[in-house]
Amino acid sequence: MIVQGLLSRGMGRGYLHLDESPNTDLDFSSSNGFCIRPWQQLGILPSGKARFCCLASRLIRDEAGPVSIHSHSLDDIWNGDSIKAVRRMMMAGERAPECTGCYKAEERTGHSSRLQINKDFVGGFLNPTRDAPAEFARHVTGSDGSCSALPVDLDLEMNNTCNLACRMCSPDYSSKIEADAVQSKWRPRTATALKEQATTWELLPSLASGVRYVDFGKQGTDEVGVYCSGKHWARVAFNTDRAILSLRMRGVFEESRATWKVHLKLGDRYLATSLLSNKVTRIDLPQHDITGECRIVIRAYPKPGIDQASFHTDPPTFRCHLLQVGFNEAGARTSSGALRSWAGKGAERALDLVNANPNIRRLQLMGGEPLLLNETMEILDRLIERDQAGQVVLSLVTNGTMWSSAVEERIRKFKTAIITVSMDGVEDKFEYIRHGAKWTEVAANIGRMAALPNARVGIGPTIQIYNFRQLPEMVRFAAAESLSIRSTWLTHPRYLSVEILPSSLKQAMFEELCAFKEELDASPNGGSARYQEFVRNTAMEAAAIMNGEGDKSALNEFILYTNDLDKSRGQEFKATFPELYSQLAGEGVRWHTKTRHLNSTPVALDAHSSALRDLAAKGLRWLRILLPALSRP
């Protein structure tokens, strides 16, 4: 399993220590770049790749590239080269390049997610010892940047299964968009799925010809086992001209003194490391272009408390009852950046991560739409069955369409449920942006969520061209329902970013937000401090960009994209956003009717458009009949 790499270290004061002595010489007083996230959160993307924060601009990497749960242990991921470098920089008072987004936000507005995260940490549920962020880091960080504290905040995105095709989303996070013949052409999926293995070699327990076995049982014996002979390792080696997709192993342990790991090396590159158990261990590998000599090394490591001398003089035994290697099709290559969803093993791997750390405090499940996944329900059920739910804060990011009494029953069993509903408008504007959702249904579901005694419900708009003038309406809705609100400014794709608009429209946004802030200040019902702070911070973000020049080329892309989606979905931008349409026209933006991908794409018409088409066809048939008769003398 991926979680065992950190379990053999001793615990103290609620977290682990790599060094015998703390880093007492570190001085955080001048630090303007520190954030607690690289010491707390681990996020796993649908591809299996990892990041330490949802806002980080880069994935966690080692010298070979991005790390992945398909090919790396938890220890390798949590203490990968890049995240160790981030920790070292932050502890030295330097700014990490992965966190540029927060630093820029602070320069513009004095506010950022980084500052809020550090503030929340001090008295929050992720910090039971109530340490200051830098003090916590001081206790758990080695001189190389390694962190001995297991991540207590897990952010898991299992795949892109979703029932909506939101305008600002992409195929990576929506299977609906991936299947949309028009929208998918604008933002192709960043990776394609790996092909299923076409060939499997079984290397043990029967011994294959042409394969070199070192320290395994000899050919012809009834049983095959590992005999370490003081080296504490055994090796299988062979040559391959095909990409390896998977490795499956199962063994029988003779005793419990050792921890057994398998290392897979192809050429000069390590592809995977994993722990072995009495159950089948499967390693799914990322795409690779290296072929040549493959070496599978099985190695024994003494468990804590085991006498080293006796371990070496009397090595343990491990009998391998299964060793299979799965290959790509002969002559085929996996595509560059290939993506393998880990949803099929999502429940198992998520529970591995939770069970490995007794101090786990938050589990966030995202998608796609997590409530569409069987794995989500299995994770919740297993946590409830194991009496762990009452100790875990469950965080769900949902589109709000899939709520049910069955979900409510599970949610009630958790310590706290933090539910964020993705919302990018209200009423008709909501339905326009979040295609496939019904406003009345989602609004009703939000009411049911908020009624749960252990739930904290909020909305999370993504600020973009379509909705940047609708923020007051969303805040009013949040205030009426007593919901929290936290937004994200869209930066990609650029043709949907507010920054490309003419400066006058951005200035109008700023002025409207300022006026709305005054309205909140004077309102006894809507003037809650949290809404005032949200509007103030959003206005400051708007102020930072309002004088920037617009981008006519990107605006033309926005029009083409909008036309493509409008015509393929039976929607109309002008009818849904008449004020914005007029303001764009007033700035000299001509709304043409051109499309890009629609012209070459068969489009399914909605019921209204289909009826008009049929009526037009009938009219043409009648004209063909009547015109000859009318033309007779």
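Thirteen residues would be a long list to name, but among the 13 residues that line the largest cavity, Cys35, Cys53, Leu55, Cys99 and Cys102 lie nearest its centre. Helices α3 (100–109) and α4 (113–123) are the elements that give two or more residues to this lining. The structure described here is a predicted model. The largest cavity holds about 110 Å³ of space, and its lining divides into nine nonpolar, one polar and three charged residues. In total, three cavities of 30 Å³ or more are counted.

Turning to charged pairs, a search of the whole structure finds 19 salt bridges, and the table gives some of them.

| Salt bridge | N to O distance |
|---|---|
| Arg362 and Asp153 | 2.5 Å |
| Asp180 and Arg569 | 3.5 Å |
| Asp428 and Lys429 | 3.9 Å |

Arg362 belongs to strand β19 (residues 362–366) and Asp153 to strand β7 (residues 153–157), so their salt bridge ties together parts that are 209 residues apart in sequence. Arg362 is buried, with a relative accessible area of 9%, and Asp153 is buried as well, at 2%.

Asp180 sits in the loop between α6 (175–178) and α7 (183–186), while Arg569 lies in helix α17 (residues 552–569), so this pair ties together parts that are 389 residues apart in sequence. Asp180 counts as buried at 18% relative accessibility, and Arg569 counts as buried at 9%.

In the pair of Asp428 and Lys429, Asp428 is partly exposed at 41% relative accessibility, whereas Lys429 is buried, with a relative accessible area of 19%. Elsewhere, Arg469, Glu512 and Glu579 are joined into one network by salt bridges that share partners.

Conventions:
Residues numbered from 1 in each chain as written. Predicted model: local features only at pLDDT ≥ 70, side-chain atom pairs only at ≥ 80, totals over all residues. Heavy atoms only, no water. 1 Å grid on protein atoms, 1.4 Å probe; cavity = no way out; pocket = protein on both sides within 12 Å on 5 of 7 lines; lining within 4 Å. Points joined across faces, edges and corners; volume = space filled by probe spheres on them. Helix = DSSP H or I, 4+ residues; strand = E, 2+ residues; numbered from the N terminus. Nonpolar A, V, L, I, M, F, W, Y, C, P; charged D, E, K, R; others polar. Salt bridge = Lys/Arg side-chain N within 4 Å of Asp/Glu carboxyl O. Buried < 20%, exposed > 50% of the residue type's maximum accessible area, 1.4 Å probe, protein only.
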